[in-house]
Amino acid sequence: MGLYIETRVRADLETLWERTQEPAEHQRWDLRFTEIDYLPRVDGEPQRFRYATRVLPFLVVAGTGVSAGERHRAGGDRVSALRFASPHPLSLLAEGSGYWRYVPGPDGIRFLTGYDYRPRWGRLGRIADRLVFRPLMGWATAWSFDRLRLWCEHGIAPERSRTHWQLELAARALLVALCAWTPATLLVALAAAVLVPPSSRTPAARRCLRTPPDRAVAPRLLATLEQT
C-alpha cells in the first residue's frame, strides 16, 4: 500500500470499533471526510456508502465506496477493507482501496491502516499527487488517528480537540509575528514554533508511525472485496 499509518490506542476494542465503523462517529474525527452515509444494503452483500469532503466553502467533492469487516477472527484481531472512487472531475483522487487492522496487545490496540489510490489528470495529476496531495493525505490520516486516540483514551471530543489544535496554531503564529522584528529573533521563533512539542491534549500527526515496523501485507478480505 502507498500510505501506512499506525497508532496505539489504550481503550476498549468495542469502543474503537464503533467509532471507526459507524459513519456518524467516523466523520467526527476523520479530517479527510465531511460526510459519510451508508447506502441501502442487500443481505449478504458488502456495505456500500457515500462520502463527501468539503474542499472549499463552496466546493464539495463526493464519491462512493464499498466496505466489509471481519469482527470475529481466530487471533482476536479485527480487520475491515474498502474500495472507493470519486467521479467528480475536480477530485484528484480517482479510485483506491485500503484496510484497517485492530490488533489487541498488552499495552493497547495497534490500530493501523494501509491504502493507496490512483490520481487523475494524467502526468500533471501524478506530479501534484507526489509533491502535495499524497503528503497531505498522509498527514491528515495521522492527525486524525491521533485525534481518535485522544477521544478514546481521554474522552476529549473530536470537536474540542480540533479547537485545541486551532488555538495552539494561533499561539505559534502569534509568537512568530511578535518576534519578526529582527532576523535572529524570527529564526528563534520559527524554530520554537516548529520544534516545541504540541500539548498532550492536542492532536499531532508526529505521534503516529508512518512506516510499517515489519512487512505490511494487505488482508485477504481486501482482495475479496475488489472482486465484487
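**Close-ups of a predicted model**

**View 1. Leu 178, an exposed residue in helix α4.** Leu 178 counts as exposed, with a relative accessible area of 52%. In this predicted model, Leu 178 belongs to helix α4, which covers residues 158–178. Pick Tyr 38 as a partner and you get quite a span: the two C-alpha atoms are separated by 48 Å, with the residues 140 apart along the chain.

**View 2. A nonpolar patch on the surface.** Here Val 55, Leu 56 and Phe 58 come together as a surface patch, and their accessible area adds up to about 330 Å². Val 55 sits in strand β3, residues 47–56. With a relative accessible area of 49%, Val 55 is partly exposed, because that class runs between 20% and 50%.

**View 3. The largest nonpolar core.** This core has 18 residues, and those touching the most other members are Leu 16, Trp 29, Trp 100, Tyr 102, Phe 111, Phe 145 and Leu 148. Two or more residues each come from β1 (3–9), α1 (13–21), β6 (93–105), β7 (108–119) and α3 (122–154). Helix α3 chips in the most, with six residues. Apart from this core lies another one, made of eight residues, including Tyr 51, Leu 93, Tyr 115 and Met 137. As a rule, nonpolar side chains in soluble globular proteins tend to be buried together.

**View 4. Around Trp 100.** Setting aside neighbours within four places in sequence, Trp 100 is in contact with Trp 29, Phe 111 and Phe 145, among others. The contact list also takes in Arg 32, Arg 78, His 26 and Gln 21, along with Thr 20, Val 79, Ser 80, Leu 112 and Thr 113.

Note on methods
Residues numbered from 1 in each chain as written. Predicted model: local features only at pLDDT ≥ 70, side-chain atom pairs only at ≥ 80, totals over all residues. Heavy atoms only, no water. Patch = residues over 30% accessible without salt bridge, like charges linked within 9 Å, V, L, I, M, F, W, Y side chains within 5 Å. Areas by Shrake-Rupley, 256 points an atom, 1.4 Å probe, with all protein chains shown as cover. Salt bridge = Lys/Arg side-chain N within 4 Å of Asp/Glu carboxyl O. Helix = DSSP H or I, 4+ residues; strand = E, 2+ residues; numbered from the N terminus. Buried < 20%, exposed > 50% of the residue type's maximum accessible area, 1.4 Å probe, protein only. Core = buried A, V, L, I, M, F, W, Y, C linked by side-chain atoms within 4.5 Å. Contact = heavy atoms within 4.5 Å.
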